[in-house]
Amino acid sequence: MLKVFLTRIRQGYHTIAYPEGPLPELPPRYAGRPLLDPGKCLAGCRTCVEVCPVEALSRDDSDALRLDIGRCLFCRACETSCPRQAISFSRDFRMAAASRRDLVVGPEPERLAQALTSETRRLFGRSLKLRQVSAGGCNACELDTNVLGTIVYDLGRFGIQFVASPRHADGILVTGPVSKNMEQALLATYEAVPAPKIVVATGACAIAGGPYIDHLQTCNGVTNLLPVDLFVPGCPPHPLTILDGLLRLLGRIKA
């Protein structure tokens with residue numbers, strides 16, 4: 001037993017201080033919230049729109065460039081193909097939103113996720129239990145979600161935990177494009193969660209279908225099947241993006 005205590009002392013304290021303290025170091029190749037600079041675009045140029053594999057980029061009626069980060073795979077094909085560097089990817093991991101339209105990056109200021117109603121926060125603010133549903137995903141989003149349970153992120157310190165049964169949960173966290181084989185299982189899981197309940201769509205697949213969008217065997221994510229309270233973009237989302245979105249939903253981060 002003494003050896004166990006000594007080993008624990010030598011290991012020290014590994015949990016990050018976020019959101020109260022400094023941010024952990026992000027990987028050098030990390031691609032966060034995209035930044036658009038339409039002033040650099042060449043007239044009539046559609047290079048970035050044409051190279052996007054999931055049609056996340058578009059031009060509206062006023063020819064303004066828009067990027068749907070709910071669809072974006074963060075492959076950076078648009079960034080590398082642009083001859084004028086009009087698109088770049090920042091290192092800002094704060095991208096989760098409460099509304100699907102808030103995921104569209106354009107000239108307007110960013111709109112991050114807002115806290116739930118005061119009544120819902122009273123119920124979930126100090127203890128939120130989630131049932132994770134992998135609805136046909138590739139396991140990338142599932143792996144980064146599982147990372148939240150490690151000592152580095154220690155999701156439990158915020159009162160947020162994943163549970164094995166939907167009957168013990170306050171909501172579901174969905175990953176994957178929702179394959180046809182998983183559609184009924186997802187709906188049954190949602191029905192088994194007692195009301196009031198929340199839905200978190202995690203990753204490009206769960207939000208809009210990801211690389212499987214419009215495939216006959218998928219439902220293009222959970223958005224068309226259930227009311228979603230939190231959209232967490234990414235392919236896969238960084239654990240900090242998921243954590244930041246959950247804390248904003250519970251009113252733990254307001255800036």
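**Two helices and two strand arrangements in a predicted model**

Gly251, just after helix 8, takes a positive phi of about 75 degrees. Helices (H or I, at least four residues) and strands (E, at least two) are DSSP runs, numbered from the N terminus. The model is predicted: local features need pLDDT of at least 70, side-chain atom pairs count only at pLDDT 80 or more, and totals for chains, interfaces and linings use all residues. Residues are numbered from 1 along each chain as its sequence is written, and side-chain values use heavy atoms, with hydrogens and water left out.

Helix 8 (residues 239-249) is largely enclosed by the rest of the structure, because 11 of its 11 residues are buried (buried means under 20% relative accessible area, exposed over 50%, partly exposed in between; 1.4 Å probe, protein chains only). Among these buried residues are Asp244 and Arg248, as well as Leu240, Ile242 and Leu243. The cover over the buried residues of helix 8 includes helix 4 (118-124), helix 5, and strands 6, 7, 9 (198-202) and 10 (230-232), where contact means heavy atoms within 4.5 Å.

Several of these covering elements also belong to a parallel arrangement. Strand 6 (residues 128-134) pairs in the parallel sense with strand 7 (residues 160-162) over three bridges; two strands pair if DSSP finds at least two bridges between them. Leu128 has Ile160 of strand 7 as its bridge partner. Strand 6 is also joined by five bridges to strand 8 (residues 171-175), again running parallel, and here Gln132 is partnered by Leu173. Strand 6, helix 5 (residues 140-146) and strand 7 form a right-handed β-α-β unit, that is, with the strands pointing away from the viewer, the path from the first strand over the helix to the second runs clockwise.

An open sheet of three strands with antiparallel pairing has the order 2-3-5. Its edge strands, each pairing on one side only, are strand 2 (57-59) and strand 5 (104-105). Strands 2 and 3 (residues 65-68) run antiparallel and are joined by three bridges, with Arg59 opposite Leu65 of strand 3.

Helix 1 (residues 2-11) is hardly covered, with a count of zero buried residues among its 10 residues. Phe5, found in helix 1, contributes with Met1, Leu2, Val4, Leu6 and Ile9 to a nonpolar surface patch of about 710 Å². Accessible areas come from the Shrake-Rupley method with a 1.4 Å probe; for residues, only the protein chains shown count as cover. Patches are made of residues with over 30% relative accessible area and no salt bridge (a side-chain nitrogen of Lys or Arg within 4 Å of a carboxyl oxygen of Asp or Glu), like charges being joined within 9 Å and nonpolar side chains (Val, Leu, Ile, Met, Phe, Trp, Tyr) within 5 Å. Gly12, which follows helix 1, has a positive phi near 75 degrees.
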